[in-house]
Amino acid sequence: MQLQVINSPFNEEQVELLNRLLPTLTETQKVWLSGYLASSAVNSGAGATPVATPAAPAPTISKEVTVLYGSQTGNAQGLAEQAGKTLEGKGFKVTVSSMSDFKPNSLKKLKNLLIVASTHGEGDPPDNALSFHEFLHGRRAPKLEDLRFSVLSLGDSSYEQFCQTGKEFDARLEELGGTRIHPRVDCDLDYDEPAEEWVNGVIEGLNEGLNEGQEQNEGLAQSAVAVEAAVESPYSRKNPFKAEVLESINLNGRGSNKETRHLELSLEGSGLTYKPGDSLGIYPENDPKLVDLLIEELNWDPEEIVTTNKQGDVRPLKEALISHFEITVLTKPLLEQALKLSGNDDLAELLAAGNEEKVKEYIDGRDLLDLVRDFGPWPVSANDFVAILRKMPARLYSISSSLEANPEEVHLTIGAVRYNTHGRDRNGVCSILCAERLEPGDTLPIYIQNNQNFKLPENPDTPIIMVGPGTGVAPFRSFMQEREEIGADGKSWMFFGDQHFVTDFLYQTEWQKWLKDGVLTKMDVAFSRDTEEKVYVQHRMKEQGKELFEWLEAGASFYVCGDEKHMAHDVHETLIDIIEKEGNMSRQNAEEYVANMQQQKRYQRDVY
C-alpha cells in the first residue's frame with residue numbers, strides 16, 4: 001500500500017516517512033498501531049488526559065494449525081497424523097502434510113506450525129524433508145514474526161548428532177522471528193511418552209493463546225487416548241501382536257560366510273494389514289548368555305525384583321535385562337549417568353570436556369558388559385543401575401512379501417550379524433535371536449510400521465527400477481509379488497548384488513521365474529567376490545546407463561534399499577553421473593533432475 005499526497009491529509013515529507021514505515025510492519029504491529037491511533041483520537045479531545053501507552057487490541061489468534069513432518073521410516077509421519085487427529089478433537093482446524101508436499105512459499109501465511117522431524121544417518125534430514133530444510137535455511141526464507149511454532153524431534157541417542165534435524169528447524173524458526181507455542185521436545189527411540197507430553201503441551205499453549213478458558217482445556221488428560229484411537233487394529237507399536245513363526249529358512253548356500261534368514265510369520269487374528277514398502281517392527285530379547293555374564297560381573301541376584309518403568313512395573317532382574325532393557329549399545333548420555341553412579345575417575349577423565357572423539361571411539365562396538373568391566377566396581381543396587389538404562393527399542397525390517405499374495409502372513413529377510421571387536425564375539429540382538437533361538441511355533445512381538453515414503457507407483461503401468469543388494473532385496477520381492485498378483489503391465493528392472501553367485505543369490509529361483517513369466521522385464525546382477533576386481537550394483541548401473549536414462553525419460557520410478565553410508569551414497573552419485581552423461585547436461589542440471597524426481601516421488605529410498 002502506497003499513500004499519495006493528493007488524496008491524503010499528510011504533507012509530502014510525512015507521506016514519504018509513512019511509505020517507508022508501512023511495508024516493514026507485521027500484521028500484529030499494524031493491528032497495534034491502528035488500536036493506538038483509535039485510542040489516541042478518543043482521548044485527545046479538549047480536557048482529555050493524554051494516553052501515553054494505550055492497551056493494544058488483542059490480536060486474533062487462529063485456530064488453524066499446520067503439522068509438517070519429515071519422516072524416513074514412518075515414525076514421524078505417524079506421530080504427526082496422530083497429533084493432527086488429537087488437535088481436531090479439540091476443535092482446531094488441522095492440515096497434516098509431508099514437508100515434500102508443502103509449498104514453502106506458503107510458510108508466510110501460517111499462524112500455527114507444528115513440526116515433527118526425525119534425524120537420519122549422521123544428523124541429516126529425511127529424504128522428504130530435504131527441500132523444505134534447504135529452503136528454510138536459505139536466503140529466500142521469509143521473516144516469520146507472526147508465526148507460532150513447536151517442534152517434536154525424533155532421534156537415537158547412540159548417534160552423535162542426536163535429534164539434529166529437529167534442533168535445526170527449531171533454531172531456524174526462532175531466528176526468523178517465530179514464537180514457540182511449546183518448547184521443543186527431543187525423543188529417543190522410546191518416544192511414546194515424550195510425544196504425548198508434547199501434544200498436551202502444544203494444546204495447552206494453543207489454548208492459552210485462544211484465551212477460551214476451561215472449555216478448550218477440558219479433557220487434556222485424555223489426549224493420549226485420542227492419539228491411540230486413530231489405530232484401527234488393536235495391535236500397534238505400544239501393543240504388539242505375538243506372531244507365530246511359520247518358517248525360518250537360511251537363504252545362503254553351503255560355504256557362504258553369510259547367513260540370511262527368510263522368516264515367515266502368521267498374522268491370523270491380528271487384523272494387521274500392510275502394503276509393499278512397509279516395515280515390520282520386532283521387539284527382540286537379549287541373549288540370556290550375555291545377561292548371565294552381566295549379572296555375574298555385578299554379583300547380583302538374578303531373581304531380585306527391579307522396577308522397569310515410571311508406571312512402577314516390576315519383574316525379576318534377569319527377566320528385565322532379557323526382555324526390557326537395552327544392553328548391547330552404549331551412548332554418551334548412558335556414560336554420563338553411569339559416572340554419577342560409579343564416581344570412577346577413569347570414566348570421569350573419558351567424559352571430560354574436549355574428549356568427544358575419545359568418547360565416540362570408546363562407544364563404537366562396545367556394550368554394557370564392557371562398561372561394567374572397564375569402570376567397576378559398582379557400589380549400587382540393581383534397581384538403581386537399571387534405572388539408567390533405556391528401554392529395548394524395536395528393530396525395523398523391510399517386509400519382503402505382498403499381503404495380496406500371502407494373506408494373513410508377513411515375510412522378512414534378515415541378515416545374521418556376527419563380528420568380533422575389542423576382544424569379544426558380538427551378535428546382533430534381533431538377527432541372532434531369529435537365526436539361532438527361534439523355532440517354528442515360537443512367537444515374536446511385532447507391529448506394522450507404515451512407510452508412505454517407499455511405495456509402488458499408483459499407476460501399475462509405470463515402469464520401475466529397483467536397486468537392492470544383499471538384504472536390500474526384501475521390499476522388491478514384495479513389489480514383484482504385488483505386481484504379479486494385480487497383473488501390472490509396467491516394465492520392471494532389478495539390480496541385485498552380493499558376494500558369490502553360487503551361495504548368495506537371494507531368492508534366485510523366484511527372480512528367474514518372474515523373468516521367464518514376464519513379470520520382471522530385466523535383471524542385472526553383481527557378485528563382488530567372483531571376479532578379481534570387485535563389481536557392485538552401481539557398476540552395473542553405469543554399464544546400462546543409456547537404457548537406464550531412457551527408462552527415466554519414459555517416467556520410470558527409481559528405488560533404492562540397503563546400506564545408506566556406502567551403497568546408497570554410491571548409487572546416488574552414479575545416478576547423477578548417468579543423467580549428466582546420457583542427458584548431455586551440466587552437473588547442476590543433473591542434480592536438479594534427481595531432485596525433481598524426489599519431489600515427484602519417482603526416486604524413493606529405504607536405507608539404513
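The legends below go with an overall view and several close-ups of a predicted model.

**Figure 1. The whole protein, with its 23 helices and 21 strands.**
Let's start with the full picture before zooming in. Of the 608 residues in this predicted protein, 48% are buried. Looking at contacts between residues at least 6 apart in sequence, 74% bring together residues at least 24 apart. The exposed surface comes to about 29,900 Å², and carbon and sulfur atoms supply 48% of that area.

**Figure 2. Phe 479 and Tyr 559, an aromatic pair.**
Searching the whole structure turns up 22 aromatic pairs. In the pair shown here, the ring centres of Phe 479 and Tyr 559 are 5.1 Å apart and the ring planes meet at 85°; planes over 60 degrees apart count as edge-to-face, so this pair is edge-to-face. Distant parts of the chain are linked by this pair, as its two residues are 80 residues apart. Phe 479 belongs to helix H17 (residues 474-486), while Tyr 559 belongs to strand S20 (residues 557-562).

**Figure 3. The surroundings of the same two rings: a cluster of Phe 454, Phe 476, Phe 479 and Tyr 559.**
Ring pairs are what link these four residues into a cluster. Are Phe 479 and Tyr 559 buried or exposed? Buried means under 20% relative accessible area. Phe 479 has a relative accessible area of 0%, so Phe 479 is buried. Tyr 559 has a relative accessibility of 1%, so Tyr 559 is buried too.

**Figure 4. Arg 237 over the face of Tyr 191.**
Here a charged side chain meets an aromatic ring. How far is Arg 237 from the ring centre of Tyr 191? The distance is 3.7 Å.

**Figure 5. Lys 522 over the ring of Trp 493.**
This view turns to a lysine and a tryptophan. The charged end of Lys 522 sits 5.1 Å from the centre of the Trp 493 ring.

**Figure 6. Leu 334 and its contacts in the predicted model.**
Leu 334 is part of helix H11, which spans residues 332-342. With a relative accessible area of 8%, Leu 334 falls under the 20% cut-off and therefore counts as buried. Which residues touch Leu 334, leaving aside its neighbours within four places in sequence? Val 329, Leu 368, Ile 388 and Leu 389 are in contact with Leu 334. One of these partners, Leu 368, is 34 residues from Leu 334 along the chain, and the C-alpha atoms of the two leucines are 9.6 Å apart.

Conventions:
Residues numbered from 1 in each chain as written. Predicted model: local features only at pLDDT ≥ 70, side-chain atom pairs only at ≥ 80, totals over all residues. Heavy atoms only, no water. Helix = DSSP H or I, 4+ residues; strand = E, 2+ residues; numbered from the N terminus. Buried < 20%, exposed > 50% of the residue type's maximum accessible area, 1.4 Å probe, protein only. Contact = heavy atoms within 4.5 Å. Areas by Shrake-Rupley, 256 points an atom, 1.4 Å probe, with all protein chains shown as cover. Phe/Tyr/Trp six-rings, centres within 6.5 Å; stacked < 30°, edge-to-face > 60°. Lys NZ or Arg CZ within 6 Å of the ring centre and 35° of its normal.
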